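Biologist: Thanks for sitting down with me. Could you put the model on screen, and then we can go through it together?

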Amino acid sequence: MDPGGAISNFRQGAFGILDGLRWSGAQRGEETVLEDGKLTINDSRTGKDYPLRIQNSSIRAIELRQIRQDPDEFGMLSYDPGYTNTASCTSRIAYIDGAKGILRYRGYPIEQLAERCSYTEVAHLLLNGELPTRHELEIWNQDVMAHSRVHENVKKFMDGFLYDAHPMGVLVSTVAALSTFYPDAKNIESRSNRKRQHVRLVSKIPTIAAYVYRKSQGYPYPEPNWDLSYSENFIHMLWNGTRREPRAEHVKILGRALDTLFILHADHEQNCSTSTMRQVASSDADPYVCVSSAAAALYGPLHGGANEAVLTMLDRIGSKHRIPEFMEKVKAGEQRLMGFGHRVYKNYDPRARIVRNVADQVFEITDRNPKIELAMELERIALEDDYFIKRKLYPNIDFYSGIIYEAMGFRPEMFTVLFAIGRVAGWLAHWEEFMADPEKRIARPRQVYTGQDKRDFVPIDERLERAQDEVL
Ligand code: CMC
């Protein structure tokens, strides 16, 4: 197994990181042997060899610390901005093979889950490790629906935001505020207490998301309807009593489409927001502030905010004949083709294929979003262009998801909130796994200090004037 080409990346990275060092792995021809063995690092400064144990195709970074020129030195660090080749944990939740375009949750291919499961079934799978039996699913669904109301004061809290507040800002703040409503959540050592928080968060996020939307449109907050499914209740809370209320026969199709999108977004191993979840949880913070921090990380346009950015980009391009001009800017490094490229996928994102099919289903009951033609033409041109071929840049999930959401009637600012609804199950699954991990420690990376050496204090009147941009 070589998730995302980790072995070959490590080989290249090792030379860059450990300048002056040479390493050799147990090798069979050109192939590195993947079973456990030893990686011997030779320090050319001292001539010493350091045999490091290989486990799961990785070495323990702490073992590098023994590499030093004299005993008083701190020891060797690995330097990895953006954590491009650093595993921060072991995990049994999601498996990605970025080179082959494979994604599995708990071993099940994403294609099968997206086609055959409801979102709550997948949330159960992520949180508990197994697909629920019929009876377990019934209990889980009942539990989730029964916790979907929020305290009246949450509504008052939300009322404090301006009508045009960005929905992600409101979501991040409101989820953090839940921490004050559920002080019992601080008892993170108790597994049963943690499970109570899983239910609360999975069930309340769509309610908060729907209220964010209703507030932006000036509509009152409706109560959840427990008799409906998770996604159909979300549709009810969004549009009940508004001019957008879908016809009864369309609710099932829209609900199924939302379920599929939530499933596709539910987990993606150690991405920026999930790593943030684990990072904040490592200080034993409660799950509400952890989820709020993860949602804040998701907000950025390079992560979950990309679906909103895709729509802004399509609006800017406007029509097919302006694509070549836009592509020139992308290739000159002046712009990014949003919704393209991925840290892990160097092949077609398997989720993007499924999203294309969801688009066709949704367009059968909504007006066809004309932006889909523009996006498909952009994709066609990009996939034939050397710039994208050489860098292995393919459409990711966010290239098409925003177009579907817009056809359903959401404004682009809501897109990342919809992403967050699905991802909550994944964040919580990682929280649960991390809390039970015997190797759990507070996350505290090291740095390579490149600043000033020791210097003496200069009194304020003796300091030299300098141009503003010289500071730092
Ligand atoms: N458009 C144009 N060039 C790109 C793009 C893009 N979307 N993505 C990467 N590149 C180029 C980049 O300029 C660099 O070229 P060079 O080697 O000449 O400097 C090369 O490809 C490698 O890019 P990188 O920035 O080093 O790659 P990364 O792994 O650090 O970044 C990424 C991954 C997703 C942030 C990036 O591909 C990107 O900015 N994409 C657009 C934003 C986007 O769609 N994000 C959603 C990701 S999927 C949803 C999620 O899981 O969050």
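Biologist: How many Å separate the centres of domain 1 and domain 2?

Modeller: This is a predicted model, where local features need pLDDT of at least 70, side-chain atom pairs count only at pLDDT 80 or more, and totals for chains, interfaces and linings use all residues. Residues are numbered from 1 along each chain as its sequence is written, and side-chain values use heavy atoms, leaving out hydrogens and water. The bounds, which come from an automatic or database domain assignment, are 31-79 for domain 1 and 87-444 for domain 2. Taken over C-alpha atoms, the separation of their centres is 39 Å.

Biologist: Which helix gives the most residues to the largest nonpolar core?

Modeller: A nonpolar core is a set of buried Ala, Val, Leu, Ile, Met, Phe, Trp, Tyr and Cys residues joined through side-chain atoms within 4.5 Å; buried means under 20% relative accessible area, exposed over 50%, partly exposed in between (1.4 Å probe, protein chains only). The largest one has 119 residues, and Leu337 is one of those with the most contacts inside it. Helices are DSSP runs (H or I, at least four residues), numbered from the N terminus. With 14 residues, the top contributor is helix 18 (residues 415-435).

Biologist: What distance between its end C-alpha atoms does helix 6 show, and why does that agree with its length?

Modeller: The expected span is 1.5 Å times one less than the number of residues. Helix 6 (residues 167-181) has 15 residues, so it should span 21 Å. Its buried residues include Pro167, Val172 and Leu178, and their cover includes helix 7 (191-217) and helix 11 (287-299). The end C-alpha atoms agree with the expected span, lying apart by 21 Å.

Biologist: Why is Cys272 not bonded to the closest cysteine sulfur, and which residue holds that sulfur?

Modeller: A disulfide here is a pair of cysteine sulfur atoms within 2.5 Å, and a search of the whole structure finds zero. Cys272 counts as partly exposed because its relative accessibility is 47%. Its sulfur is 14 Å from the closest one, too far for a bond, and that sulfur belongs to Cys89.

Biologist: Is Glu379 buried or exposed?

Modeller: Glu379 sits in helix 15 (residues 371-383). Counting contact as heavy atoms within 4.5 Å, and setting aside residues up to four places away in sequence, Glu379 touches Phe340, Tyr348, Arg356, Pro395, Phe399 and Tyr400. Its relative accessible area is 8%, so Glu379 is buried.

Conventions
Helices (H or I, at least four residues) and strands (E, at least two) are DSSP runs, numbered from the N terminus.
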